[in-house]
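The following account leads the reader through a protein model, from its overall fold to its metal site. Please keep the sequence and the structure in view while reading.

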Amino acid sequence: MAVIAVPQLKDNFAYLVADDDSGECGVVDCAEADKVLSEVERHGLNLVAVLSTHWHADHVGGNLQLVQAAPSVRVYGARAEGGRIPGITDEVDGGDMVWAGPLGGEVIGIPAHTNGHVAYYFSTLKALFCGDTLFVGGCGRLFEGGAATMMASLAKLAALPDDTLVYCGHEYTQKNLEFALTLEPKNRALREKYEWAVQTRRQNKWTVPSTIGEEKSYNPFLRTDSPELRASLKRLDPALGDDPVAIFARTRELKDRFA
Ligand code: ZN
Ligand code: FE
């Protein structure tokens with residue numbers, strides 16, 4: 001069993017989720033079908049499922065071409081995306097199972113970036129595919145939901161086992177951690193991850209996956225209770241209270257302006 005990252009567009013990832021025995025695989029998100037199909041072929045796999053995390057074109061733009069190339073593929077996506085996932089065959093809700101051949105994944109509803117954003121969690125692989133909700137060191141923008149909704153979505157992901165591998169939708173790590181350092185400059189785990197990310201990118205390597213345990217140690221969007229983060233925010237706005245949602249919202253606003 002393996003997860004294979006397939007870079008897409010400028011900084012997106014598609015991921016193949018492959019079962020070695022059957023040779024069957026699914027792909028989580030696809031913008032550029034050609035690149036995905038050639039990876040499928042190069043590994044001698046058979047594409048049987050498309051798992052879409054949310055409706056944005058940089059995640060589903062390749063769906064129809066995949067369906068054309070492999071007409072029997074199942075295309076999973078959230079019912080709550082309201083028909084915006086091209087080629088969808090199976091509308092899913094949180095708690096449903098999806099199948100990449102014999103590999104079963106659980107759907108976790110994590111709205112806010114989009115209203116029907118979902119993650120796919122394969123416990124047998126210890127792998128979480130979370131699209132544009134949780135990034136290494138960051139979180140997605142609040143396009144279709146507010147801060148409280150995003151916090152609740154992230155809390156579901158943070159509740160997974162610490163050794164869960166986090167496969168997110170974009171290579172945003174270095175910029176995310178640069179921002180995080182403005183709020184928690186003394187956080188040692190954060191500083192070390194940042195230095196690692198800079199080195200890794202310098203070598204043209206990817207920074208995915210991280211783990212849920214790691215994310216809890218440096219991701220500001222999972223750290224609204226960090227005293228250092230709170231103190232940094234209060235220095236900018238002494239009127240900011242202790243409400244975690246307000247702290248989260250302010251952190252998100254600052255990140256929107258940072259990059
Ligand atoms: Zn998106
Ligand atoms: Fe995206």
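The protein chain of this predicted model contains nine helices and 14 strands. Its radius of gyration is 18 Å, close to the 18 Å that the globule rule gives for 259 residues, so the chain is as compact as a globular protein of that length. Taken along the principal axes, the C-alpha atoms fill a box of roughly 60 × 40 × 30 Å. Of the 259 residues, 53% count as buried. The surface that the chain exposes amounts to about 10,900 Å², and carbon and sulfur atoms supply 52% of that area. Among contacts between residues at least 6 apart in sequence, 59% join residues at least 24 apart.

The strands may be followed from the N terminus. Strand E1 (residues 2–8) and strand E2 (residues 12–18) run antiparallel and are joined by seven bridges. Within this pairing, Ala 2 has Ala 18 of E2 as its bridge partner. The two strands form a hairpin with three residues between them, and Leu 9 in the turn has a positive phi of about 50°.

Further along the chain, an open sheet of six strands shows mixed pairing in the order E7-E8-E9-E10-E13-E14. Strand E7 (97–100) and strand E14 (210–211) stand at its edges with a single partner strand each, so one side of each is left without a neighbour in the sheet. Within the sheet, E10 and strand E13 (residues 165–167) pair in the parallel sense over three bridges. One of the pairings places Phe 129 opposite Tyr 167, its bridge partner in E13.

The metal site comes next. Which residues supply the protein donors of the iron ion (ligand 2)? They are Asp 58 (OD), His 59 (NE2), Asp 132 (OD) and His 170 (NE2), lying 2.1 to 2.3 Å from the ion. Angles among the four donor atoms range from 85 to 169°, and the site of the iron ion is irregular. A site counts as tetrahedral only if all angles lie between 85 and 135 degrees. Along the chain, the donors follow the spacing D-H-x72-D-x37-H.

Asp 132 also bridges the iron ion (ligand 2) and the zinc ion (ligand 1), which lie 3.2 Å apart. His 59 lies in helix H2 (residues 57–60), whereas Asp 132 lies in the loop between strand E10 (127–129) and strand E11 (134–135), so the pair ties together parts that are 73 residues apart in sequence. Both His 59 and Asp 132 are buried.

Note on methods: Residues are numbered from 1 along each chain as its sequence is written. Chains are lettered from A and ligands numbered from 1 in the order in which they are written. This is a predicted model: local features need pLDDT of at least 70, side-chain atom pairs count only at pLDDT 80 or more; totals for chains, interfaces and linings use all residues. Side-chain values use heavy atoms; hydrogens and water are left out. Donors are N, O and S atoms within 2.8 Å of the metal (3.2 Å for Na, K and Ca); water is not among the atoms, so sites may look incomplete. Four donors count as tetrahedral if all angles lie between 85 and 135 degrees; four count as square planar and six as octahedral if opposite donors are over 155 degrees apart and all others between 65 and 115; anything else is irregular. Helices (H or I, at least four residues) and strands (E, at least two) are DSSP runs, numbered from the N terminus. Buried means under 20% relative accessible area, exposed over 50%, partly exposed in between (1.4 Å probe, protein chains only). The radius of gyration is taken over C-alpha atoms; the globule rule is 2.2 Å times the number of residues to the power 0.38. Contact means heavy atoms within 4.5 Å. Accessible areas come from the Shrake-Rupley method with a 1.4 Å probe; for residues, only the protein chains shown count as cover. Two strands pair if DSSP finds at least two bridges between them.
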